[in-house]
Every structure is written in C-alpha cells, then in structure tokens.
Amino acid sequence: MTKINSLRGMPDFYSDDLISWSPVENKLEKIFKSYSINEIRTPIMEYTDLFKRSVGDTSDIVNKEIYSFNDRNDQSLSLRPEGTAGVIRSIIEKKLDQQQSKLWYMGPMFRYERPQKGRYRQFHQAGVEILGYQEGQADFELISMICSIINGLDIKNAKLKINHLGDKDSKKEFSKALVEYLMPYKDKMDEKDLERLGKNPLRILDTKDLSMQEILKDAPSLNNFISDSANLLLSSIQKTFSDLCIIEIDNTLVRGLDYYTGLVFEASSTDLGAQDAFIGGGRYDNLANTLGGKDMPAIGLAIGLERIISISSITKNIEKKVVFISSTSNIAPLAFKIANQLRTANSDVSLDMDLTDSSIKAKLRRANKTNATHAFILGDEEISTNKLIVKSLRDDDEQVSMSINECIEFYKKI
Ligand code: HAM
C-alpha cells in the first residue's frame, strides 16, 4: 500500500514542538484577561460569501488563497483564512452589534499560500476585536496591548509600523490622485499591479516589485490627504508609547485585507526571516454594516502564533517529570493504585508509568535517558512492606525507602 502523507504546509505538532507553545499561549491569555477581554470561539468553516464580503474579493486571500468547496447541499463553504469575519458574523447574528464588546480568540486559520519558513497553509492566530468604540480611546488601548505583548513575550528587535487610511472621502481622493500619477507607468506594471490599479489602487503601495517601489517614491503621499485629526492620532500614539516600544509612522502601509478604514498597523522583527510580520490589524468601521449588521465601529489585531513563538524567549517550559517502575512482570494492581494517589496529590507533575515487561535494570536505564528527576520503584519486597523506593535520577543517585504516605508528601513538593 502506498502511504498517505500530510498536506503541504500543514505540519503535525509533537510534544517536543509544542513545549514552546503553551507558555506563549498562556501568557497571551493572561495579557488578554488583564485588558478585560472575553473569549469567543467561532467555527473554522463559514459560508464563502462571508469572506468575499469582508476580506474582499480583490484581496489575494479571497482570490487565490481561500480553501473553498461545495457541501452536499451545493452551498459554497470555506475554511476561515482569518478570524475577524467570523466574529463579526456571530456578533450580528446574536444581535450584539449595538453594544460594546471586547473579544479574543485563538485557533487555526487556512490560506493556500506558497509554504516557506514562517508561512504555512494551516497556521494559528490569536486575535482580539474591540467592538463598538469610535476612533480614539480603543485605538490607544489596542496599541498599548501590542506593547504589552512585545514586552511580555520578550520579543527582541521589534518595530511597530502604523498608518491611517483616512475616511471614505479622503481614501477616494487619494486613490484618484494615485491612479493619475501611475497611469503613465502602466506599461511598466506587472499583471498583479495592473489589476490592482483598476480594482483597489491603494494596494499597489504594497507592491513587492522593486522598479514599482522606485516609481512610488515620488507618488502622492497618503498623509497629505488624510485629516489633521488622523495625523494627530498617529503622532500622539507614537509619542504616548515611545518608551514601551518602537513605533514608526509609515504612510505606505496599507495591509492585504479590504475591510480596513482608519488606523492600520503591523509589528515585525528582524529576528524573523522573510516573513517578518508577527502582528497585523487595524480599524474596520464599515465591516458590520457590509455584513448586514448595524453601524459598529471596530478595531482589532491578530498575532501569528508560529512566528511569535519562534522569537519569544519565554518559550521553555520546565516540566516536572518522574518515572514509576514496578519490578514484577505481572500487572501489580498496587502500582496503579499508588500512582493514582500520587497524581491526585500533585497534578503539576507528569508521572510516566513504565508499561513494559522488562527488568528493573532496563527500566531504570530507560528512565535515565528521559528528563525525569526521580524514579519511584515498587519491587517485590516493597509490595510486602507497603513501601516504595524513591531514587534520584540526577547526579547524586541517592535512593530512599519511604512509606506510601511519606511518598505522597514528597511528591507534593516536587
Ligand atoms: P493578517 O495580517 O492577515 O491579519 O494576519 C495576522 C498575522 O497572522 C500575520 O502578521 C502573520 O503573523 C500571521 N500569518 C498570516 N498568514 C500566515 C501564514 N500563511 N502562515 C503563518 N502565519 C501567518 C488578519 O488576519 C486580520 N484578521 C487581523 C485583524 C484582526 N484585523 C482586525 N482584526
């Protein structure tokens, strides 16, 4: 039989990989709670139209990267490429779009991208959406949280770029001026930028094409079109948090999703490779309305977990581990009873019961190869005296015979 492999860009995670995940996930959850944010879990699959109407059908995510299929009822469904659309869909459905909410989520997202280091087809995000607050305080709160994340997770060489996309009118005027400026360079544009010129010219500012980047150097600048209050918001955010994290105003930052309206931002670190953005987000005041809800101003962010974990220095979880060895090759019911008592006494310790039929010597040899600190040994003699040997697996190799109660007290303190 031929073997079946996993899908490209969709890795499996084993314990050794995951050991660095839980400290980061736990720390993020703590930070979210410290900002009084509540958890929400939405399905990983939604109607395709949800993403077309929110992320936008001129975006790469919907055009080229979405995993869509028809179900048995011939309805087009998609695996979520991001979390914001599902959260807003849910808020509208529960009629919560007229009140304020602060929500966080964590889970897998799916994009059919070309896999490389830091870029996967199934990846994980932690996200936050602050709903029902006009531009102003919520924007400061979210940037404050980004600084807490960068510092709390000890991320080095990080920079937060911020920009403002203006209101509807200024966005329109700027797009017009940009198209007028770019028209004479039409024959120098690649297919992707030509398509953007017609559908969503702002996205050209995001071009990866070097000659296009050169042409854009003299293009009209967004900050000449946005209002004084928008410019003030940017400079005042930069000033407020300057002692907490490095913030740079970048008028070319536009982001790859269509729903953004005001402040947008992206955090990156030079410690990551080519895929250097580990947080992205911004304000999206029209999304609820576009999805059939009431007007609901909103702002949010998403963190790429694979990326942030790879550069966080809080990722080593010190696991407390012991091994339980029983000398008899027959099943010793007492061993399972004692092990159960120990696990109940201290659930922070991982007790690895050796389930093989090998000799004590072989079992000890195996235990020494693990990162366990102690072996709890139940030999024939111990069974008759109701005692256990507790042997250190560290340098000293010390071993002590203990009654079951003494053992439990010892185990509580590991
Ligand atoms: P995004 O910028 O598309 O924004 O994604 C946020 C982060 O997810 C990126 O900065 C990156 O770290 C990570 N990421 C994206 N694609 C991949 C991939 N293929 N492999 C690994 N990591 C990836 C959003 O998704 C918006 N929903 C953020 C938001 C929330 N805006 C408002 N609220």
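Tutor: A polar contact is a pair of N or O atoms within 3.5 Å. Keep in mind that this is a predicted model.

Student: What makes Tyr259 a polar contact of the ligand?

Tutor: An N or O atom in the Tyr259 side chain lies 3.0 Å from a nitrogen atom of the ligand. The cut-off is 3.5 Å, so the pair counts.

Student: How do you know that Gln125 makes a polar contact with the ligand?

Tutor: The partner here is an oxygen atom of the ligand, 3.1 Å from a side-chain N or O atom of Gln125. That falls within 3.5 Å, so this pair qualifies too.

Student: And what about Thr84 and the ligand?

Tutor: A polar atom of the Thr84 side chain is 3.0 Å from a ligand nitrogen. The limit is 3.5 Å, so this is a polar contact.

Student: How much of the ligand does the protein bury?

Tutor: The protein buries 96% of the 660 Å² that the ligand exposes when taken alone.

Student: Which residues come nearest to the ligand?

Tutor: Glu82, Glu113, Glu129, Tyr260 and Ala277, out of 26 residues around the ligand. By class, the shell has 11 nonpolar, 8 polar and 7 charged residues.

Student: Which strand gives the largest share of the shell?

Tutor: E10, with 6 residues. Strands E6 (122–131), E10 (277–283) and E11 (298–304) each supply at least two.

Student: Now the helices. Why is H3 called roughly perpendicular to H5?

Tutor: H3 (residues 48–56) and H5 (residues 84–93) pack at about 110°, with axes 9 Å apart. Angles from 65 to 115 degrees count as roughly perpendicular, so H3 and H5 earn that label.

Student: Which residues of H3 and H5 meet?

Tutor: Leu50, Phe51 and Ser54 of H3 meet Ala85, Gly86 and Arg89 of H5. That contact divides into 3 nonpolar, 2 polar and 1 charged.

Methods: Residues numbered from 1 in each chain as written. Predicted model: local features only at pLDDT ≥ 70, side-chain atom pairs only at ≥ 80, totals over all residues. Heavy atoms only, no water. Near = heavy atom within 4 Å. Polar contact = N/O pair within 3.5 Å; in protein donor to acceptor, adjacent residues only side chain to side chain. Areas by Shrake-Rupley, 256 points an atom, 1.4 Å probe, with all protein chains shown as cover. Helix = DSSP H or I, 4+ residues; strand = E, 2+ residues; numbered from the N terminus. Nonpolar A, V, L, I, M, F, W, Y, C, P; charged D, E, K, R; others polar. Axes fitted to C-alpha atoms, helices over the stretch in contact; angles between N-to-C directions. Parallel < 35°, antiparallel > 145°, perpendicular 65-115°, else oblique. Contact = heavy atoms within 4.5 Å.
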